[in-house]
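Welcome, and please open the viewer with a cartoon view to begin. We will go from one selection to the next, with a short stop at each.

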Amino acid sequence: MKIARKWIAGTAVVSLAVLLCMIFGLPVVQGSAADHVRWDIIHMNPTTTPATLSAGGVAFASASNPSTLSIRLTGSGTFVGPASGGTSGGVTGGGTWETFSGTTSTGSGTYEVTELVSWQFARFGLGTFNDVIDDGTAANGNAGLRIRYSDGSEGTLGIGCEGPGPNIGIVEGVIATKDHVTYWNAQAPVGGVDANRTLFHIR
């Protein structure tokens with residue numbers, strides 16, 4: 001039974017990595033050395049000129065069956081993305097979570113990142129924003145992380161940063177799993193609303 005559970009958990013992580021590649025489908029841009037990356041679910045204050053980006057934002061994702069199930073996430077952290085494109089235990093960070101059925105909260109707590117599953121760099125560039133995180137060079141791309149929730153459950157977190165400029169096929173925001181529930185519908189960012197945006201910095 002333990003072997004079966006480990007096999008199922010491993011298959012789920014690999015499946016999410018494949019899904020991330022399909023959803024965020026980009027060619028891998030590999031360097032000769034590992035990427036040292038910071039990720040954030042960000043605040044965007046549109047009242048400043050230019051708009052100000054800072055850490056500490058929030059993002060939502062929902063399930064499909066039923067679509068009334070959703071998750072709210074905050075978070076930030078770092079990881080080392082190997083030049084080989086493989087997984088990495090060189091991770092830090094986490095954030096908070098809260099799950100909902102409709103508008104009713106069904107649980108909340110914190111989560112920690114335990115492993116990098118996938119990292120794909122897309123391009124550098126931030127556009128005309130005031131980046132107060134300023135921890136390296138702002139970049140677009142996607143990452144898949146294995147996470148552990150404070151209630152003992154496990155899952156994965158997918159982070160996509162499309163950024164400004166020509167669309168390149170990245171879903172901006174987050175997707176996640178928590179045990180068997182798959183929150184794979186990222187809530188899209190809306191102009192003037194401070195939610196559902198992410199940012200990477202290559203350090």
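Which residue in E7 is the bridge partner of Glu98? Select Glu98 and look across to E7: the partner is Ser108. Keep in mind as you look that this is a predicted model.

Now widen the selection to the two whole strands, E6 (residues 91–101) and E7 (residues 104–124). They run antiparallel and are joined by eight bridges. Next, go to the turn of this hairpin, where two residues lie between the strands. Pick Gly102 there and check its backbone: phi is positive, near 65 degrees.

Keep E6 on screen and add strand E4, residues 69–73. E4 and E6 pair in the antiparallel sense too, over five bridges. For a residue pair to zoom in on, select Ser70, which stands opposite Phe100 in E6.

Then add strand E5, residues 76–81. Four bridges join E5 to E6, and these strands also run antiparallel. Here the pair to select is Ser76 and its bridge partner in E6, Gly94.

Finally, zoom out and show the whole chain. Its secondary structure comes to one helix and 14 strands. Colour the residues by burial, and 44% of the 203 residues count as buried. Switch on contacts between residues at least 6 apart in sequence: 64% of them join residues at least 24 apart. Last, turn on the surface: the chain exposes about 9,600 Å², with carbon and sulfur atoms supplying 57% of that area.

Key:
Residues numbered from 1 in each chain as written. Predicted model: local features only at pLDDT ≥ 70, side-chain atom pairs only at ≥ 80, totals over all residues. Heavy atoms only, no water. Buried < 20%, exposed > 50% of the residue type's maximum accessible area, 1.4 Å probe, protein only. Contact = heavy atoms within 4.5 Å. Areas by Shrake-Rupley, 256 points an atom, 1.4 Å probe, with all protein chains shown as cover. Pairing = 2+ DSSP bridges.
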